[in-house]
Amino acid sequence: MRTRSLRVLGIDPGLTRCGVGVVDVAPDRSGRLVHVGVIRSSPEMPLPERLAIIAAGIRAVLAEHSPDVVAVERVFAQHNVRTVMGTAQASGVALLLAAEHGLPAETHTPSEVKAAITGYGSADKRQVQTMVARVLRLDALPQPADAADALALALCHAWRSGGAVAGPGATPLTPAQRAWADAERLVRTSR
């Protein structure tokens, strides 16, 4: 049984706005905000420079906050191929940097994250922001949405990975956490 918090860096990849969020998740599955921000690059810049800015921003977060693991949003199909390509390139940078730092990295789909945080895989941005603020006991919703998504990714990963499994005397699971655990059990038993 783990005796310390799991520190997770969540990354919501994007070329213009790349959300980064670091949370500590205790064995009782409670979370604490460590860092949140957005790495920005201008669409007018050449692609290699934009990727370098994203890499430098992620490197700074890795160096300052020393996460145990990295969680990155999995690229999914969209109608806008240009957006998908930029997201995939930023995602690749994040995964590469995790590997260079010797950190395990996982990807999670937006619907997985939404289901873990809100209990509903099609939740909207506002619902995700609201639940992230509630779980992390924040006074305000994390802004912009990219930052909230990064925090949601970090929480989702900690809860799904088993790295923050509740031990004796831990607080009970939230309804969203219970729904996610039930869904995972169904998937495992149907294989």
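**Exercise 1.** Show why α1 and α2 are described as oblique to each other.

**Solution.** The two helices are oblique because their angle falls outside the parallel, antiparallel and perpendicular ranges: under 35 degrees counts as roughly parallel, over 145 as roughly antiparallel, 65 to 115 as roughly perpendicular, and the rest as oblique. Step one: in this predicted model, local features need pLDDT of at least 70, side-chain atom pairs count only at pLDDT 80 or more, and totals for chains, interfaces and linings use all residues. Residues are numbered from 1 along each chain as its sequence is written, and side-chain values use heavy atoms, without hydrogens and water. Step two: helix α1 (residues 47–65) packs against helix α2 (residues 81–100) at about 40 degrees, with the axes 10 Å apart.

**Exercise 2.** State which residues make the contact of α1 with α2 (heavy atoms within 4.5 Å).

**Solution.** From α1 come Leu47, Leu51, Ile54, Ala55, Ile58, Arg59 and Leu62. From α2 come Gln89, Ala90, Val93, Ala94, Leu97 and Glu100. By class, 10 are nonpolar, one is polar and two are charged.

**Exercise 3.** Describe the largest nonpolar core, a set of buried (under 20% relative accessible area, 1.4 Å probe, protein chains only) Ala, Val, Leu, Ile, Met, Phe, Trp, Tyr and Cys residues joined through side-chain atoms within 4.5 Å.

**Solution.** Step one: this core has 23 residues, and Val8, Val23, Ile117, Val132 and Leu155 have the most contacts inside it. Step two: at least two residues each come from β1 (6–12), β2 (17–25), β4 (69–73), α3 (110–118), α4 (125–135) and α5 (145–161). Helix α5 gives the most, eight residues. Step three: another core, of 21 residues, lies apart from it and includes Ile11, Leu62, Val70 and Leu103.

Note on methods:
Axes are lines fitted to C-alpha atoms, for helices over the stretch in contact, and angles run from 0 to 180 degrees between N-to-C directions. Helices (H or I, at least four residues) and strands (E, at least two) are DSSP runs, numbered from the N terminus. Ala, Val, Leu, Ile, Met, Phe, Trp, Tyr, Cys and Pro count as nonpolar, Asp, Glu, Lys and Arg as charged, and the others, Gly among them, as polar. Buried means under 20% relative accessible area, exposed over 50%, partly exposed in between (1.4 Å probe, protein chains only).
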